[in-house]
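Hi,

Here is the structure I promised to pass on. Have a look at it first, and then read my notes below.

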Amino acid sequence: MASDFIVLSHREPYQAVQLESGETVLRRKTNGVFTTLDAVMRQKRGTWIAWREQQDEPIEPRILVPAPDHEEAYTVRRIPLAPAEAERFYYDF
């Protein structure tokens, strides 16, 4: 999917939250910047690029938010960083 609107950020606009049922859902972050840009991204069907710390399990490098079947879904491309890289980037850089 080609994007005419791209956001490059140090954080993703959604975070994975595990429910009591064990199901994992994506929830939009509530910061004003995320809320505003999320609305634009839904309208433009853009791509949001952000880093994500890679823990023990591999991460999906590309996801659709708020959900793959949502009529206003857009792409989040994740740049995986090892924990040491994330530490150096986020706290030292």
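What follows is a short tour of the strands, the core and two residues.

Please keep in mind that this is a predicted model.

Let me start with the strand pairing. Strand 1, residues 6-9, runs parallel to strand 4, and four bridges join the two. Strand 4 also pairs with strand 6, again in the parallel sense, over seven bridges. Ile49 is a handy place to see both pairings: Leu8 has Ile49 as its bridge partner in strand 4, while the bridge partner of Ile49 in strand 6 is Arg77.

Next, the core. The largest nonpolar core has 10 residues: Val7, Tyr14, Phe34, Met41, Trp48, Ala50, Ile63, Val65, Tyr74 and Val76. Two or more of these residues come from each of helix 1 (32-44), strand 4 (47-53), strand 5 (62-65) and strand 6 (74-81). As a general point, nonpolar side chains tend to be buried together in soluble globular proteins.

Tyr14 is worth a closer look. Beyond its neighbours within four places in sequence, Tyr14 contacts the core members Val65 and Tyr74, and its other contacts are Leu26, Arg27, Arg28, Lys29, Asp38, Arg42 and Pro66.

Finally, Ser9, which lies in strand 1. Is Ser9 buried or exposed? Ser9 counts as buried because its relative accessibility is 19%, and the cut-off for buried is under 20%. Leaving out residues up to four places away in sequence, Ser9 touches Trp48, Ile49, Ala50 and Trp51. A polar atom of the Ser9 side chain also lies 3.1 Å from the backbone oxygen of Arg11.

Best wishes

Definitions and conventions
Residues numbered from 1 in each chain as written. Predicted model: local features only at pLDDT ≥ 70, side-chain atom pairs only at ≥ 80, totals over all residues. Heavy atoms only, no water. Core = buried A, V, L, I, M, F, W, Y, C linked by side-chain atoms within 4.5 Å. Buried < 20%, exposed > 50% of the residue type's maximum accessible area, 1.4 Å probe, protein only. Contact = heavy atoms within 4.5 Å. Pairing = 2+ DSSP bridges. Polar contact = N/O pair within 3.5 Å; in protein donor to acceptor, adjacent residues only side chain to side chain.
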